[in-house]
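Student: Could we go through this structure together? I'd like to see how the labels people use are backed up by numbers.

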Amino acid sequence: MLGREREEPLTDPSLSDKGLAVFAFAIYHQFESGSRVTQVVINDGAGHHADDEAIRELQALGFVTIDDGRAGFTKRGEGLLDRIAAEMRRAASDKPEP
């Protein structure tokens with residue numbers, strides 16, 4: 001990131017920060033647990049919940065499907081989740097970009 005003249009967008013620029021926050025939440029749990037996250041609870045009943053607008057956005061873009069109070073990542077959503085996680089790892093490493 002530092003020293004780059006032009007930053008290529010990681011995702012479709014129409015994806016909102018709230019939509020990205022759902023991916024960030026999933027990635028946090030994936031990194032913390034070491035297990036792949038394929039779905040997130042929309043409302044855990046303990047005060048933590050995904051933004052309704054973000055969930056609608058991700059569903060409309062084909063990144064998630066909704067089932068029984070959970071947003072499950074589609075193949076497209078899992079692909080983006082993997083790309084964002086890989087970019088985070090790359091950005092945090094000392095390895096130069098290819």
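Tutor: Sure, let's begin with how helix angles work: axes are lines fitted to C-alpha atoms, for helices over the stretch in contact, and angles run from 0 to 180 degrees between N-to-C directions. Keep in mind that this is a predicted model, where local features need pLDDT of at least 70, side-chain atom pairs count only at pLDDT 80 or more, and totals for chains, interfaces and linings use all residues. Residues are numbered from 1 along each chain as its sequence is written, and side-chain values use heavy atoms, with hydrogens and water left out.

Student: What makes α1 and α2 roughly perpendicular to each other?

Tutor: They pack at an angle of about 85 degrees, and their axes are 8 Å apart. Angles of 65 to 115 degrees count as roughly perpendicular, under 35 as roughly parallel, over 145 as roughly antiparallel, and the rest as oblique. So α1 and α2 are roughly perpendicular. Both are DSSP runs (helices are H or I, at least four residues; strands are E, at least two; numbering is from the N terminus).

Student: Which residues of α1 and α2 meet?

Tutor: On the α1 side there are K18, G19, V22 and F23, and on the α2 side A54, I55, E57 and L58. Contact means heavy atoms within 4.5 Å. By class, this contact has five nonpolar, one polar and two charged residues.

Student: How do you know that β2 and β3 pair?

Tutor: Two strands pair if DSSP finds at least two bridges between them. Four bridges join β2 (residues 64-67) to β3 (residues 70-73), so the rule is met. These strands run antiparallel, with V64 opposite F73. In their hairpin, which has two residues between the strands, D68 takes a positive phi near 55 degrees.

Student: How many bridges join β1 to β3?

Tutor: Three, and the strands run antiparallel. V40 has A71 in β3 as its bridge partner.

Student: Which elements each supply at least two residues of the lining of the largest pocket?

Tutor: α1 (17-33) and β1 (39-41) do, and the largest share, four residues, comes from α1.

Methods: Nonpolar A, V, L, I, M, F, W, Y, C, P; charged D, E, K, R; others polar.
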